[in-house]
Amino acid sequence: MNFLEQLAAEWYEYSGYFVRTNIKFGPRARGGYFGEIDVVGYKSETREFIHVETSTDSDSWKKREVKFKRKFSTARRHYMEVFRFKDVDIRPIQIAIVGFNLKPSDKTKSWKSSPPTGSLYGKIKIEVIHIPKFLHDIYEKLKDKDPQKDAIPESYPLLRAIQYSAFYNKK
């Protein structure tokens, strides 16, 4: 698991989601799998199901769009076999956290993704979050949280490091 997957997993778990990482799905007849989901989370009180894919590539936006649409649509075909929800009306929130090739117009980019044939989910939007924005959002939520009075649990080492940095380096 790379640092970005780890950070996303820590953040969503800390935010109240039940999180799993690096989930292989769709076993192939001759071995291996069709794919792997970086991070998934489920928050029972709000019935939110998130699927997060991360990337630090420097591909063009066109290549990224193709890659992420493929990753998310392939995974969607297998959600119900991997996560046996009793409530089949769950709509996944699909998030791509990416870096590099940042242009001002891309800061709020999203892609529409068509469902796989026979999908329960309908058309789904893939929310694109740039690594700097993801880090900034975490920073903003943790900057006033005093580590001496309300430390992030040590089971979240990346978040704890951000908490210390944010709290002691406020501008």
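Ser-55 sits in strand β3 of this predicted model. Its relative accessible area comes to just 8%, so Ser-55 counts as buried. The side chain of Ser-55 still finds a polar partner, making a contact of 2.9 Å with the side chain of Asp-57. Once neighbours within four places in sequence are set aside, the residues in contact with Ser-55 are Leu-4, Lys-67, Phe-68, Ile-97, Val-98, Gly-99 and Ile-131.

Strand β3 itself, residues 48-55, pairs with β2 through five bridges, and the two strands run antiparallel. One of the matched pairs here is Val-39 with Val-52, the latter in β3. Four residues separate the strands of this β2–β3 hairpin, and Arg-47 adopts a positive phi near 60 degrees there. Strand β2 (residues 33-43) also pairs with β1 (residues 18-27), again in the antiparallel sense, this time over eight bridges. In that pairing, Ile-37 of β2 faces Ile-23. β1 and β2 likewise make a hairpin, with five residues in between, and Gly-31 in the turn shows a positive phi of about 100 degrees.

Val-52 turns up again in the largest nonpolar core, which has 22 residues; along with Tyr-12, Ile-97, Phe-134, Ile-138 and Leu-159, Val-52 touches the most other members. At least two residues apiece come from α1 (3-14), β3, β4 (92-98), α4 and α5. Helix α1 makes the largest contribution, with six residues. As for Leu-159, its contacts beyond four places in sequence are Leu-7, Glu-10, Trp-11, Tyr-14, Ile-138, Leu-142 and Ile-152. A separate core of eight residues lies apart from the largest one, and Ile-23, Phe-25, Val-40 and Ala-75 are among its members. Ile-23 is thus a member of this second core as well as the residue opposite Ile-37 in the strand pairing.

Then there is Asp-146, placed in the loop that links α4 (131-142) to α5 (157-168). Asp-146 is buried, yet no salt bridge goes with it: Lys-149, the nearest side chain of opposite charge, is 4.2 Å away, and a salt bridge calls for a separation within 4 Å. What the side chain of Asp-146 does reach is the backbone nitrogen of Gln-148, at 2.8 Å. Not counting residues up to four places away in sequence, Asp-146 touches Ala-151, Gln-163, Phe-167 and Tyr-168.

Notes. Residues are numbered from 1 along each chain as its sequence is written. This is a predicted model: local features need pLDDT of at least 70, side-chain atom pairs count only at pLDDT 80 or more; totals for chains, interfaces and linings use all residues. Side-chain values use heavy atoms; hydrogens and water are left out. Buried means under 20% relative accessible area, exposed over 50%, partly exposed in between (1.4 Å probe, protein chains only). Lys and Arg count as positive and Asp and Glu as negative; His and the chain ends are not counted. A polar contact is a pair of N or O atoms within 3.5 Å; within protein, one must be able to donate a hydrogen and the other to accept it, and residues adjacent in sequence count only if both atoms are side-chain atoms. Contact means heavy atoms within 4.5 Å. Two strands pair if DSSP finds at least two bridges between them. A nonpolar core is a set of buried Ala, Val, Leu, Ile, Met, Phe, Trp, Tyr and Cys residues joined through side-chain atoms within 4.5 Å.
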